[in-house]
Amino acid sequence: MNDDADQQHLTANPGYAQGQLAKAFTIALTHEDADTRRRAEGRMTRWRAVLAGMAGGLLSIGSRTPVAGLPAWVTPEVVHGGFATGTPGAGGPLQPYETRLAERFGVPADRRALFAHCLTDTGLTWLWGQLNSGRYEVTVPEEGALLTMAWLVRHGETAAALDLVAELEPFADQLRFLPRPSADRPESDVTDALHRRTVSDPVDRLVRRRPNAAVETQREALAVWQPFGDELLVHWLETAGGEDGRVLELTPDADWLERGAALLSRYRQLAEEHTHCGKHRNPKENLGILRGALEETVAGRVLDARRLGLLRHAVASMVRRRGLPGSAAHTELRRVQRAQAALPSHHALAQVLVGRLAGLPQESGIADLAPVLAPVSEPEERETGLPAGAQLPPVLRRVVEGALSAPVATLVERGVVPSAEVLAELVPRLVAVTTARSYDDPALRTLMAANYRAFRNRRSLLLLNLERQVRIEELPWVRAVAAQRGDGTAEAALLLRQLGELAVLGFPGTILPNPLVRELGVLARQSELGAPLVEELAADIFMDAFGPKFLVAAGIAGELLGGSLYERYYGIDYAAIRELAIAEASESAGRGRADRARPRTSPGFARLCAERAAAASSAPDRSKSDSSSGSWVAANGKVIEQSQILTTHNLATLVHRVGIAPEPGWADLARRCFGTVCRLTARVHRNPWPYPTIKDTAYAWRQLVFHLSLCPPAEQRRVLDELEVEAARHPAHVTARLAPALAGLRLVAEGGTFAPDGTADGGRARRLLGWSTDGHWLATDPTAVETKDS
């Protein structure tokens with residue numbers, strides 16, 4: 001560990017970009033789908049720009065200002081992995097709306113001319129009209145810059161407006177600073193209703209839906225070919241004689257032959273109209289045998305012994321399987337099949353839904369699902385022929401429910417938001433409104449909300465050397481109106497607590513994903529609660545250093561968890577962490593101005609994490625080879641995992657500083673975490689590369705230990721009993737794998753401790769960690785070992 005890690009300077013390796021270019025090149029050449037090939041060609045263009053920029057010095061990948069000549073606030077175009085291409089997100093060719101505005105304003109079709117026009121009386125008047133109506137879009141934050149300038153001018157903030165223009169002007173020919181005119185009204189400031197998808201999304205999916213070939217084939221068989229087969233069977237049974245009912249014991253008369261010819265004629269018509277099912281054409285199937293024999297007989301040819309034998313066997317088997325046509329059993333069977341065939345197809349019902357959705361605003365969610373998901377109505381029956389009262393199947397209901405507009409807690413409860421990652425996609429809309437509400441002026445509030453939503457579409461850069469992502473308050477136009485913000489601390493604190501509770505309650509076995517942490521971090525800063533939230537660091541670019549907020553977060557965890565099951569299970573000395581925080585705070589206060597200008601780190605915290613990672617052994621199964629052995633990424637992961645253990649990866653901060661208290665309580669959350677642990681452990685079985693799953697299992701386990709630590713000791717013991725019973729209900733390999741972890745947790749709950757390597761009782765009890773450089777005991781199936789030994 002290097003205590004001077006903040007003095008290091010790393011740069012990105014172009015090898016990753018070269019690999020991505022090669023991958024896109026292969027897809028562009030070989031993929032069977034034309035759209036996929038076209039998208040791959042676009043990726044090739046962008047990756048070539050990345051490599052050319054890195055080679056030519058235009059790009060400094062890993063810096064928060066990756067493009068030479070562009071300040072940090074400019075939105076960069078970013079490709080997979082956080083690589084900037086060198087093209088600004090608000091740059092590129094003139095957009096169609098810019099061309100239309102140039103024509104309308106009577107100026108040349110270039111951005112500098114548009115920029116200059118907006119500084120005139122006519123241009124300002126147009127911008128004020130946009131502010132008044134709110135009918136504009138901001139797709140990248142830069143598109144809100146001139147609107148902000150116009151707002152400042154209108155409110156007498158001339159000096160601030162001039163300063164903003166001066167900062168924007170050098171880039172006026174490159175970047176689009178004008179908003180996009182829109183016919184839609186601005187989004188409402190109401191925060192209790194969100195939607196994951198707009199109405200147009202399910203409409204598109206339903207329109208593209210095609211009839212299911214297998215279902216339509218079955219429907220045709222039930223509605224057409226089985227009834228026709230019954231008619232053929234009855235026709236042949238008329239020729240049966242004797243007690244054994246053998247066909248063709250009687251000579252067919254002219255009437256029988258005439259009716260047979262009519263049946264064959266109708267068959268040909270049915271075969272032409274109904275083409276899904278081809279089974280009737282198979283000469284080895286019963287229907288094919290009856291039809292073929294009838295064609296021969298009607299044509300005047302005598303059936304040979306082989307064909308006659310097939311015919312008799314087909315008739316006998318049909319009667320044996322379903323009974324004689326007209327019998328009670330046969331009649332009931334055909335009634336049920338007719339009802340099944342008459343059920344409307346999913347494709348037909350999807351078209352009914354399309355019609356219902358067409359009457360709703362296409363770019364919003366659905367506030368009331370009941371009328372959209374109601375059974376087929378009588379007017380719809382008259383229009384479509386579908387039976388009134390027909391219910392919509394679950395598969396179609398789920399498509400529509402994705403556009404439900406409701407409080408975010410309702411979306412989580414109903415499964416519309418299935419993961420913390422999806423929750424992170426919706427939260428920026430809430431944070432945008434909450435952030436904007438601190439502005440008193442309605443027009444500025446609408447503008448700042450649109451600006452925030454656009455800013456949150458900005459993709460994160462790959463950053464090295466402890467640099468941080470650009471924050472919204474660094475945008476020049478946001479700084480220019482900073483004085484207009486009121487006190488929004490109470491509202492930010494309330495939303496932070498609500499979202500924190502929702503994330504922990506909705507997804508208790510999952511760590512908070514970085515996009516969600518960033519949004520909660522914005523609210524934490526606005527609420528002034530002193531609640532540092534830490535991101536999950538990437539093991540492949542980890543620099544052996546942590547920012548000072550990690551130590552602060554660990555100190556908060558110590559305030560909450562000192563002396564707890566969590567502290568004892570993970571072998572933490574929170575008192576020592578508190579002393580370390582005091583020492584580093586004192587050292588930081590004594591730094592000179594030049595030292596404070598350098599990236600700040602917590603060398604003591606980094607050293608502590610490295611020491612704990614080195615001491616923690618996964619007690620590997622040496623009989624099992626492990627391709628991760630010696631991996632520097634896994635070594636980094638072990639250090640990062642220790643930082644997550646010490647800080648509880650935001651759980652303690654949310655509980656102790658933000659004040660979350662999810663219902664129905666910590667014990668229930670611990671049980672639900674264990675459900676995630678069991679589900680993930682099941683995926684380890686026979687998994688050729690189980691280590692990512694093991695890592696996630698350990699993360700869920702850590703959440704479990706945290707929640708359990710907030711329960712009284714008696715409740716802890718009761719929950720542990722329940723977890724052991726629950727584990728026994730799972731497959732043997734899951735029960736056996738988790739037995740050491742459960743034994744270790746009970747050991748500590750009853751006052752015991754682990755050895756320095758995280759084991760106890762001869763290895764029968766273990767501390768469950770995720771990252772390993774030398775194999776992991778959870779990867780080995782104990783049941784297989786026991787079978788081999790026996």
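**Overall shape and nonpolar cores**

In this predicted model, 48% of the 790 residues in the protein chain are buried. The chain is built from 34 helices and eight strands. Its C-alpha atoms fill a box of roughly 115 × 85 × 50 Å along the principal axes. The radius of gyration of the protein chain is 35 Å, whereas a compact globule of 790 residues would have a value near 28 Å.

Contacts across the sequence come next. Among contacts in the protein chain with a separation of 6 or more, 74% join residues 24 or more positions apart.

Turning to the interior, the largest nonpolar core holds 197 residues, and within this core Phe 674 and Trp 701 touch the most other members. Helix 18, spanning residues 420-436, gives the most to this core, with 10 residues. The surroundings of Trp 701 are worth a look in the viewer. Leaving aside neighbours within four places in sequence, Trp 701 is in contact with Phe 674 itself, with Tyr 569 and Tyr 570, and with Val 677, Ala 741, Leu 742, Leu 745 and Leu 768. A second, separate core has 26 residues, including Leu 233, Leu 263, Leu 303 and Leu 311.

At the outside, the accessible surface of the protein chain comes to about 37000 Å², and carbon and sulfur atoms account for 52% of this area. As for charge, the protein chain carries 91 positive and 94 negative charges, and the mean positions of these two sets are 3 Å apart.

Notes:
Residues are numbered from 1 along each chain as its sequence is written. This is a predicted model: local features need pLDDT of at least 70, side-chain atom pairs count only at pLDDT 80 or more; totals for chains, interfaces and linings use all residues. Side-chain values use heavy atoms; hydrogens and water are left out. A nonpolar core is a set of buried Ala, Val, Leu, Ile, Met, Phe, Trp, Tyr and Cys residues joined through side-chain atoms within 4.5 Å. Buried means under 20% relative accessible area, exposed over 50%, partly exposed in between (1.4 Å probe, protein chains only). Helices (H or I, at least four residues) and strands (E, at least two) are DSSP runs, numbered from the N terminus. Contact means heavy atoms within 4.5 Å. The radius of gyration is taken over C-alpha atoms; the globule rule is 2.2 Å times the number of residues to the power 0.38. Accessible areas come from the Shrake-Rupley method with a 1.4 Å probe; for residues, only the protein chains shown count as cover. Lys and Arg count as positive and Asp and Glu as negative; His and the chain ends are not counted. The place of a charge is taken as NZ of Lys, CZ of Arg, CG of Asp or CD of Glu.
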